[in-house]
Structure formats: structure tokens, C-alpha cells
Amino acid sequence: MAQTQVPDHTLDQALTAVVSPDKYFLQDARSKSELARTLTHFDALGRGVAASFNARGVEGGGWTHTMTPAYWGNVTVRHRDGMHFAFLHHGRSRKGAAGRRLTVETGYPHGYSGWRADPITVSMDRDPDAIAADVLRRLMPAYQDTLREGLEAAGRQEAERRARAGLNNLIEQLVPGLHGIGGLDPRSVPDRDTSFWSGRDHVPDGQVALPVGGRVTLKHDASEVEVKLTNVPPELALNLLDYLRRYGVVADRAHPVGSPGRVIAGELEPREPTHEGARPEARLLLTGA
């Protein structure tokens, strides 16, 4: 029995929805009738579901569809703000109606590891408007609840990323010759967690030699910094330790970036006794607000 040939204009329309196909996939799409039928079927399904969502005013409209260059059939219906549903054909080896069902999965921000809405299955042969109604009834409520948590987590991660980038920028201004793991240019990863600089004996071309090597590691939200120095001459080490003493280590005080505390020489701070019967003590407070 002859296979139905897909009209060129229908296939051309379907291929406009495929994201970054290579030349071999495009050749197969035009030479293999089964792939052409798969692409046009999922293109029509995606266009129809997106149109149904827009007609119903779901999330204010703005739904479109795309396909990845795969041979087994897939389509993603995506909202302009990032919400999306992926329709995936996992059952090609199954017989009958079971082999014509699609798994519908929800999409979340990259890196989200919390609870997700459970996927559902739908028949790929139903009318797209009926599929859209099924998705809205069976999947959308749980998706909206869990997506809210995912977006909040993504917002926190973005704020932390920006904080790291800002602090890294300040560090780069103070420490020439900074690089990432493996000599990576820090400008290519501005929100990195860890930076290195080399001593005089290990200086990449174009970087500035420093008297010591070291590593700076930021906490994920840039609220704390770990600094490790290597090959530090004793005189420099003493100067660094004295600087830290004068700027708050003894008094257990921290100061915002760019706002060092002023020195208040001679101010005393009471300290609780370390054991019963010991006299109360006072320690010298060398920093002030």
C-alpha cells in the first residue's frame, strides 16, 4: 500500500518550527516520508494547542510552539514568560492505541530541583483543542502551584548570581592576573564561585606578576569570602595579620564592602568570664561603626 505523500508547502511550514536542524535532518525530512508525516503531524498539534491556549486567554496569551530535530516526534508549546508543555512520543514500539499516546511534561527554570507536577498522557490523534482542554484541566493547576515555587527559587538564584558577579568585579579591580580554574578568563564566567591568581613563577602571558599566589572562594550568595594565600613572605604575613587585627578580627566585627570601620583607640568592650569565679575581663575594641 502506497504511503501518503506530504505536500511540500505543509512540510515547509512544519520545518519552520524545528529548532536548529542540521542539513542531514533537513535532507531526511524531504526524502523520508515517515519523518515528513511525523513532523507535519506534530506541527499541526503544536499549532493547534497554542492557538487554543491563546483563544482561551491562558496566562494572557502569547503561546507558540517549537520542535526539536528528532525522529520520534515531539513538540513544545511555550508561553512568552517561560511556562511550557512538552508533548513527547515515547510509545512508538507499542501496538494499537497505546502506541499513539503522548506524555505531556511541564517545564521549570534551569536548576530547579523541587517537586514537579506529575506528567499526564493524551492521545496524539485527538483534536488539538480537546488536548488543550485536557491539559488545562488535568495538569495546569498542579503546574501553576509548583512553577510558582520554581520561579521563586530561580529569582533567588539570579539574585545570588548577580551578587557574586558584583563582588567578583570588585576583586578583579584589586587583584591583577586573576583567572578561573584551568586559566579560564574570569570575564567569561563573571558569576564564578572561585578565582585564582599565580605567584611570580607561574604567570600566564599578558597577566601581572604578584608576589604571592592565592585563591578566592565566594559563598553562593556572596555573603562570605574565603581567601587562601600561598608563598607569603613572613613580613607580608605579619602586615596582613596586623591589618586584620586593626579592622575587626579581635572584636569579631564585620564591615560592609567599601565601608571600613573607623579606629577608636583605647575603647574597651566587656567580656563574660570563661569559668566560674574568674574576674570579668575587658578586651580592647579597635574598630567602631
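**Figure 1. Contacts of Asp 191 beyond its sequence neighbours in the predicted model.** Once neighbours within four places in sequence are set aside, Asp 191 is in contact with Arg 161, Arg 164, Ala 165 and Asn 168. Asp 191 itself sits in the loop that runs between helix 5 (140-174) and strand 6 (194-197). For one of these partners, Arg 161, the separation from Asp 191 is 30 residues in sequence, while the C-alpha to C-alpha distance is 5.6 Å.

**Figure 2. Packing of helix 3 against helix 4.** Helix 3 spans residues 33-56 and helix 4 spans residues 128-138; their axes come within 8 Å and cross at roughly 60°. An angle from 35 up to 65 degrees falls outside the parallel and perpendicular ranges, and helix 3 and helix 4 are therefore oblique to each other. The crossing of helix 3 past helix 4 is right-handed. On the helix 3 side, the contact is made by Ala 44, Leu 45, Gly 48, Val 49, Ser 52, Phe 53 and Arg 56. These meet Pro 128, Asp 129, Ile 131, Ala 132, Ala 133, Val 135 and Leu 136 of helix 4. Sorted by class, this contact between helix 3 and helix 4 holds 10 nonpolar, two polar and two charged residues.

**Figure 3. Packing of helix 1 against helix 2.** The axes of helix 1 (residues 8-15) and helix 2 (residues 23-31) lie 11 Å apart, at an angle of about 150°. Angles over 145 degrees count as roughly antiparallel, so this description applies to helix 1 and helix 2. Helix 1 passes helix 2 in a crossing that is right-handed. Leu 11, Asp 12 and Leu 15 are the helix 1 residues in the contact, and they meet Leu 26, Ala 29 and Arg 30 in helix 2. Four residues of this contact are nonpolar and two are charged, with no polar residue.

**Figure 4. The second largest pocket and its lining.** The space in the second largest pocket amounts to about 290 Å³. Its lining consists of 13 residues, of which Glu 34, Thr 38, His 89, Arg 100 and Met 124 are the closest to the pocket centre. By class, the lining of this pocket comprises five charged, five polar and three nonpolar residues.

Key: Residues numbered from 1 in each chain as written. Predicted model: local features only at pLDDT ≥ 70, side-chain atom pairs only at ≥ 80, totals over all residues. Heavy atoms only, no water. 1 Å grid on protein atoms, 1.4 Å probe; cavity = no way out; pocket = protein on both sides within 12 Å on 5 of 7 lines; lining within 4 Å. Points joined across faces, edges and corners; volume = space filled by probe spheres on them. Nonpolar A, V, L, I, M, F, W, Y, C, P; charged D, E, K, R; others polar. Axes fitted to C-alpha atoms, helices over the stretch in contact; angles between N-to-C directions. Helix = DSSP H or I, 4+ residues; strand = E, 2+ residues; numbered from the N terminus. Parallel < 35°, antiparallel > 145°, perpendicular 65-115°, else oblique. Left-handed = near helix turned anticlockwise from the far one by under 90°. Contact = heavy atoms within 4.5 Å.
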